[in-house]
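User: Could you take a close look at the place where the two chains meet? I'd be glad to hear about some features elsewhere in the model too.

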Amino acid sequence: MTETATAVSGHDAPVARRAQARRAPGRPERPAGRSDAWRKRLEIALFITPALVLIALFIAWPVFYAVRFSVYKWKGFGPLADFVGLDNYRLVLQDPDFLHAVGHNFTIVAGSIIVQLPLGLGIALLLNRKMWGQGILRTIIFVPYVLAEVVAGVVWYQLLQPQYGMVDAILGKVGLTPPEQGWLGTPEYALWTVLAVLTWKYLGLAVILFLAGLQSVPEELYESAQLDGASWWQVQRKITIPLLGPTIRTWCFLSMIGSLQLFDMVWILTGGGPAGATTTMATYLINQGTKSHNYGIAGAASVILFVIAFVMAILYQIFILRRDTQDESRKARKKVKA
Amino acid sequence: MSDASLGAPKRRGRGSTFGGGSPLVYLIALIVVAITVGPVIYGAMGGFRTNAQLADKPAGLPDPWVFGNYKHVLTTSSFWRYALNSTVIAAITTAVTVLFGVMAAYPLARYEFKGREPLFLVFVLGLLFPAAVAIIPLFIIVTRDLSLGNSWWGVALPQAAFALPMTVVILRPFLMALPKELEEAAMIDGSSRVGLFWRIILPLTTPGLITVGVLAFVGSWNAYLLPLLLLQDDMRTLPLGVADFSTEHSSDTAGVLAFTTIAMIPALILFLALQRRIVSGLQGAVKG
């Protein structure tokens with residue numbers, strides 16, 4: 001981003017110079033008249049309307065529909081007539097399947113952060129050293145992130161096949177006995193296996209973002225710490241990781257929102273099974289909507305999913321991300337005083 | 001290297017902290033690489049083997065190499081049909097996202113007007129509405145109210161809508177960074193701001209446009225949930241084709257692996273070619 005931004009300003013330097021040269025001395029600015037104000041409004045509308053129309057059609061309208069469906073009992077045909085108030089919400093919140101799905105989502109939210117944060121930090125610190133093959137390493141670690149979840153899911157599904165899959169074959173050679181029904185077919189292991197595959201898929205994103213954050217740590221800090229005789233680990237703990245704080249907090253936020261919406265990988269690997277061991281809020285509402293045609297229930301589940309995501313985003317904003325903005329405004333204030 | 005003594009992190013720290021690659025570091029890197037690309041290589045290699053080979057030695061190499069699986073996929077008309085659908089949908093999504101995105105970001109970045117910040121907030125809030133939340137009503141709106149079910153546009157337009165908030169959030173600081181003199185120069189030249197936008201702002205923003213374009217393209221190319229609900233039969237995209245092939249031919253592991261490997265190639269090539277742009281876009285999104 002910064003790199004490209006400088007590239008841009010590098011480009012327009014000649015343009016800016018030309019602009020300055022053209023500003024003839026003493027030439028008055030054109031006064032903004034009434035017609036100009038209208039013209040400006042028209043231009044703004046012209047530029048913004050297409051984007052707003054798309055967002056209204058495909059984001060705002062469906063959300064409005066979801067809320068509306070959620071207070072009716074509706075099977076997908078005929079008029080919306082059977083008003084049931086908040087009954088659908090009651091049904092969803094009392095449905096053990098949905099509550100399990102919420103639990104699975106939160107397990108994935110916590111599990112992703114607990115596993116990927118230390119692993120991602122470790123690998124990023126490792127790759128931040130000057131070493132042979134660094135560029136290739138950085139490319140390779142990012143490959144799984146670029147693959148479609150479906151593609152990654154299908155390959156892992158084959159790898160995890162019971163008995164003749166590669167994972168079980170390797171475990172067998174080492175002398176371990178994998179579960180008979182396979183990792184994805186055993187209810188106790190299925191969710192953890194999904195979590196492992198998700199870790200494989202998304203670790204690269206964490207590493208790349210952390211590496212970018214590390215590059216903004218000034219070299220002089222390391223040098224002075226080294227002069228003071230700090231050990232490698234002390235330098236990382238006292239300087240690097242605190243300075244990475246904002247990047248880590250933003251990554252956690254992205255990871256959390258992604259985990260709450262989890263659908264593709266689960267759908268491919270287990271379809272929510274075995275025996276509902278890996279359902280998520282998204283698979284629940286897709287099943288209710290497309291398979292059982294309970295559009296009211298699906299609507300209520302959608303609204304609950306959105307409220308959960310929204311509340312978590314707001315709480316995160318208030319309690320965690322706010323520290324960053326506060327830091328920034330404090331810095332800004334200092335600058336003003338100076 | 002002096003820090004060959006693995007058990008002495010302190011010395012390594014003082015000596016060549018950030019310049020050191022000890023054997024241990026290379027070993028860890030090697031393990032990470034193996035785990036990262038292992039599954040991808042397994043998929044590609046598996047496509048060159050027969051099912052008998054796969055069952056006999058799950059972790060082995062092709063022996064002999066078999067090309068029939070790949071040939072079979074590449075000569076199936078449905079594969080090319082899926083690839084065409086994926087390409088067209090991703091192209092429309094990208095074009096609409098980039099054009100509408102930069103158009104919206106322009107006044108939000110360079111015009112002074114009342115309500116500018118609240119309007120920007122609309123886009124920021126859009127980030128919080130993922131496609132999954134209102135997917136069932138979206139399906140009903142696209143198929144019933146807009147009659148766009150099972151069509152390229154029916155998938156591309158909603159995808160563009162969901163990509164727009166991020167696009168505007170990334171592009172706005174880009175446009176803000178351009179020098180103020182541009183508008184003054186245009187005013188003096190007597191050219192309109194609309195003309196300025198097309199002739200000067202757009203070319204200057206090209207790097208940013210490529211970044212958001214790549215993100216939109218890869219997002220569309222990999223999308224599953226929305227196409228799953230909206231597209232059937234001949235209109236399916238590659239991810240749907242991969243998933244369906246995998247369920248329909250579940251016993252033909254080698255065939256599934258060949259199909260999957262070919263399906264991942266375009267995204268990988270695009271990624272390798274434009275890696276810097278993708279990474280800088282993601283970093284920009286995080287910083288912004």
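Analyst: Happy to. In the contact, 95 residues come from chain A and 111 residues from chain B; please keep in mind that this is a predicted model. Between them, chain A and chain B bury about 9,700 Å², and carbon and sulfur atoms account for 78% of that area. Helix 2 of chain A (residues 34-69) supplies 21 residues, the largest share of the chain A side that touches chain B.

What about polar links? Between chain A and chain B the count of salt bridges is zero. Polar contacts do turn up across this interface: seven residue pairs qualify, with both residues at pLDDT 80 or more.

Now to a nonpolar patch on the surface. Val307(A), Val311(A), Ile314(A), Leu315(A), Ile318(A), Phe319(A) and Ile320(A) together form a patch of about 570 Å². One of these residues, Ile318(A), sits in helix 14 of chain A, which spans residues 295-337. Why does Ile318(A) count as partly exposed? Its relative accessible area is 37%, and the partly exposed class lies between 20% and 50%. As background on spacing, residues three or four places apart in an α-helix point the same way, because each turn takes 3.6 residues.

Chain B offers a contrasting topic, burial within a helix. In helix 7 of chain B (residues 135-145), the buried residues include Ile135(B), Ile136(B), Pro137(B) and Leu138(B). Further along helix 7, Ile140(B), Ile141(B) and Val142(B) are buried as well. After helix 7 of chain B comes Ser147(B), which has a positive phi, near 50°.

Key:
Residues numbered from 1 in each chain as written. Chains lettered and ligands numbered in written order. Predicted model: local features only at pLDDT ≥ 70, side-chain atom pairs only at ≥ 80, totals over all residues. Heavy atoms only, no water. Buried < 20%, exposed > 50% of the residue type's maximum accessible area, 1.4 Å probe, protein only. Helix = DSSP H or I, 4+ residues; strand = E, 2+ residues; numbered from the N terminus. Patch = residues over 30% accessible without salt bridge, like charges linked within 9 Å, V, L, I, M, F, W, Y side chains within 5 Å. Areas by Shrake-Rupley, 256 points an atom, 1.4 Å probe, with all protein chains shown as cover. Salt bridge = Lys/Arg side-chain N within 4 Å of Asp/Glu carboxyl O. Contact = heavy atoms within 4.5 Å. Buried area = accessible area lost by both parts, 1.4 Å probe. Polar contact = N/O pair within 3.5 Å; in protein donor to acceptor, adjacent residues only side chain to side chain.
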